[in-house]
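Here are two short exercises to work through with the model open beside you. Try each task before you read its solution.

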Amino acid sequence: MTLAPDTLAVKHYLVDLQDQICAAIESEDDDGAFREDRWDREQGGGGRTRVLQAGAVFEQAGVNFSHVTGGELPPSATAARPELEGRAYQAMGVSLVIHPRNPYVPTSHANIRFFIAEKPDEAPVWWFGGGFDLTPYYGFEEDARHWHRVARAACAPWGDEVYPRYKAWCDEYFFLKHRAETRGIGGLFFDDLNEWGFVRSFEFLRSVGDHYLDAYLPIVQRRRHLPHGERERRFQLYRRGRYVEFNLVYDRGTLFGLQSGGRTESILMSLPPLVRWEYNWHPAPGSEEARLYSDFLRPRDWI
């Protein structure tokens with residue numbers, strides 16, 4: 001007998017995860033605190049958006065929970081699965097982006113989500129998705145190895161082939177085609193996950209969500225006090241432009257949120273508070289900025 005998806009259990013986990021991550025980020029920052037906005041969506045559902053701004057460590061951190069419902073899936077959700085057109089749906093998830101103040105601390109992103117599409121007299125179609133990825137401004141191999149070792153540990157109970165598969169998917173997804181470069185050093189990305197059944201798939205979602213802080217906070221703690229100057233800050237702001245480009249051009253979560261009538265302020269909280277572009281800029285040969293491009297912004301086996 002196939003168990004029906006326990007949507008309430010997923011929602012409870014996601015709400016608790018948002019609480020845990022916000023508490024940990026506030027504790028690490030020493031100074032900043034999250035502001036919470038609860039919101040309702042006219043078409044159904046809502047969420048709670050939490051944003052920390054102008055902290056001592058984090059220039060901006062956004063950690064969102066949303067649970068939205070609708071009578072018909074938007075085009076971004078059915079582009080690869082046209083058989084789901086016209087179905088009612090629920091979509092819930094936690095999405096976060098952390099933009100640090102120190103240029104030596106990388107930006108990080110995580111998202112875990114659950115979709116269920118329903119139609120009268122037919123079995124529901126459901127799946128999990130998500131992952132986490134890291135976007136450094138200055139490359140440290142120690143940090144990259146740590147990030148990917150934690151990602152591998154999150155996947156390990158599901159088989160040795162899971163981490164390489166979802167690591168490769170992350171490298172492919174977070175790729176700026178118009179720049180021919182990865183957004184960062186990757187991590188994990190998965191979608192349409194239901195092959196293990198609900199219970200085992202939900203366990204995997206929880207494993208990914210629970211490993212995020214273990215992956216990110218040790219890097220923050222190693223780099224947050226490194227001295228830096230105007231050169232590093234300008235490069236950080238320049239590289240943040242790539243983050244904006246990806247989120248507005250390619251990111252499926254951003255597209256889904258906008259197409260489904262989500263709360264715009266919550267959807268776009270992923271964008272950094274300050275950013276700059278510079279025409280046809282190139283790093284000086286042999287510089288640490290050049291090393292980011294040559295050694296880090298390409299798929300690698302970090303383990």
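**Exercise 1: Enclosed spaces**

In this predicted model, the largest cavity has a lining made up of L17, I21, V94, L96, A110, N111, I112, G131, F132, V208, G209 and Y212. Find which elements give two or more residues to this lining, then sort the lining of the largest cavity by class.

*Solution.*
- Step 1. Two or more lining residues come from each of α1 (7-29), β4 (88-100), β5 (107-119), β6 (122-135) and α5 (197-223).
- Step 2. Sorting the lining of the largest cavity gives nine nonpolar, three polar and no charged residues.
- Step 3. The volume of the largest cavity is about 70 Å³, and the count of cavities of 30 Å³ or more is three.
- Step 4. Now turn to the second largest cavity, with a volume of about 40 Å³. Its lining includes P106, L134, Y138, D143 and F296, and by class it holds eight nonpolar, one polar and one charged residues.

**Exercise 2: A helix pair**

Work out how α3 (residues 141-155) and α5 pack against each other.

*Solution.*
- Step 1. The axes of α3 and α5 lie 8 Å apart, at an angle of about 165°.
- Step 2. Angles over 145 degrees count as roughly antiparallel, so α3 is roughly antiparallel to α5.
- Step 3. The crossing of α3 past α5 is right-handed.
- Step 4. Contact residues include D143, H146, W147 and V150 of α3, and V208, H211, Y212 and R222 of α5.
- Step 5. By class, this contact has twelve nonpolar, three polar and five charged residues.

Note on methods:
Residues numbered from 1 in each chain as written. Predicted model: local features only at pLDDT ≥ 70, side-chain atom pairs only at ≥ 80, totals over all residues. Heavy atoms only, no water. 1 Å grid on protein atoms, 1.4 Å probe; cavity = no way out; pocket = protein on both sides within 12 Å on 5 of 7 lines; lining within 4 Å. Points joined across faces, edges and corners; volume = space filled by probe spheres on them. Helix = DSSP H or I, 4+ residues; strand = E, 2+ residues; numbered from the N terminus. Nonpolar A, V, L, I, M, F, W, Y, C, P; charged D, E, K, R; others polar. Axes fitted to C-alpha atoms, helices over the stretch in contact; angles between N-to-C directions. Parallel < 35°, antiparallel > 145°, perpendicular 65-115°, else oblique. Left-handed = near helix turned anticlockwise from the far one by under 90°. Contact = heavy atoms within 4.5 Å.
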